[in-house]
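I opened this entry to keep track of what I looked up about strand pairing and helix packing. The notes follow the order in which I went through the structure.

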Amino acid sequence: MDINYELYKIFYITAKTGSMSNAAKELFTSQPAVSQSIKLLESKLGGKLFHRVAQGVSLTFEGKLLFQYVEQVYESLQAAERKFLELRNLTTGQLRIAVSTTACSSFFMQYLETYSLTYPNIEIFIKDQSTDMTMRQLESGEIDIGIINFNGNKDSLSIIGKIEIQDCFVVNERYRELCDKQVSLKTLVENYPINLVQKGLNTRNYIDSFFDSHDLKVSPKAELSTMELLIEFAKKGMGVSCVIKDFVRTELEQQQLFEVPIQEKIPKRFLSIAVKKDFPLSSAAQKFIDLIKK
């Protein structure tokens, strides 16, 4: 049975207010229009909904039964509209982000801090995981935004921005002599213990390609799962660690670590800020993207 939602709304308001004139005032229409709508609904349903009484109208037995169901639906729709407006106004909602393990912490945290202060009622969920996992969860809709170590093309994803990052070699005071002048990459890898992230990660693939481009094969002293471990190895004097420069800015400024100036510069690379292509973003996610773009 195809009945216009507006007819049920007029029925609901009339039953709540107890008269067609009061319903007309609340609906900003005329009493004859309300009366005509009630008659149309009764005609479609095949039964009387109201009795006329001195003060207005009262529900028939059938009308009371219908009202019980219409009231639940109408109030649920009202609640849904309120919730939708809350989401649009960012008084509630959630932001789901996944960041690759090589994501630039200083870049990411500055925007996250600003966002959380601007929209304190938004729940923020952050995952620190591999690029491959992040891409799969973007495609499935499990997360809103992914910061990934990926610079190719993927039909299911849209790249909405890029983060520039620079890899470098760092040491502590034990190997400070390496920092006195530029050294060749060959000298570095053939005479000093080198620490790299473990194989299989995009960062390792990038660094291996850099070594290959200079016809160098590296046998690392340590292959570690995170940048944090690489930094700790360097701080403890356990060799030369290849890290992302943004991760060690504080240590470099405080001279806990020193950057090794190599003759062959490591080319800059980029992290990508990705979303699912042709998929509507929540208001909370769109505001975070707007913040980054600014």
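In what order do the five strands of the open sheet stand, and is the pairing mixed or not? Working from a predicted model, I read the order as 4-3-5-12-6, and I noted that the pairing in this open sheet is mixed. I then looked at the edges, where I found strand 4 (123-129) and strand 6 (157-165), and because each has a single partner strand, one side of each is left without a neighbour in the sheet. From one strand to the next, I noted a twist that averages 20 degrees.

Next I checked strand 3 (residues 94-100) against strand 5 (residues 145-148), which run parallel and are joined by three bridges; Val99 has Ile147 as its bridge partner in strand 5. I also looked up what packs on this sheet, and I found helix 6 (residues 131-140) touching strands 3, 4, 5, 6 and 12 (269-276), with a direction that makes about 155 degrees with that of strand 5. Helix 11 (residues 283-293) packs on the sheet as well, touching strands 3, 5, 6 and 12, and its direction makes about 50 degrees with that of strand 3.

I then turned to strand 8 (residues 194-197), where Ile194 and Leu196 point one way and Asn195 and Val197 the other, and all are buried. Strand 8 runs parallel to strand 9 (residues 222-224), with three bridges, and parallel to strand 10 (residues 240-244), with two. I noted that Asn195 has Ala222 as its bridge partner in strand 9 and Ser241 in strand 10. Last, I recorded that strand 8, helix 8 (residues 202-213) and strand 9 make a right-handed β-α-β unit.

Methods. Residues are numbered from 1 along each chain as its sequence is written. This is a predicted model: local features need pLDDT of at least 70, side-chain atom pairs count only at pLDDT 80 or more; totals for chains, interfaces and linings use all residues. Side-chain values use heavy atoms; hydrogens and water are left out. Buried means under 20% relative accessible area, exposed over 50%, partly exposed in between (1.4 Å probe, protein chains only). Helices (H or I, at least four residues) and strands (E, at least two) are DSSP runs, numbered from the N terminus. Two strands pair if DSSP finds at least two bridges between them. A crossover is right-handed if, with the strands pointing away from the viewer, the path from the first strand over the helix to the second runs clockwise. Axes are lines fitted to C-alpha atoms, for helices over the stretch in contact, and angles run from 0 to 180 degrees between N-to-C directions. Contact means heavy atoms within 4.5 Å.
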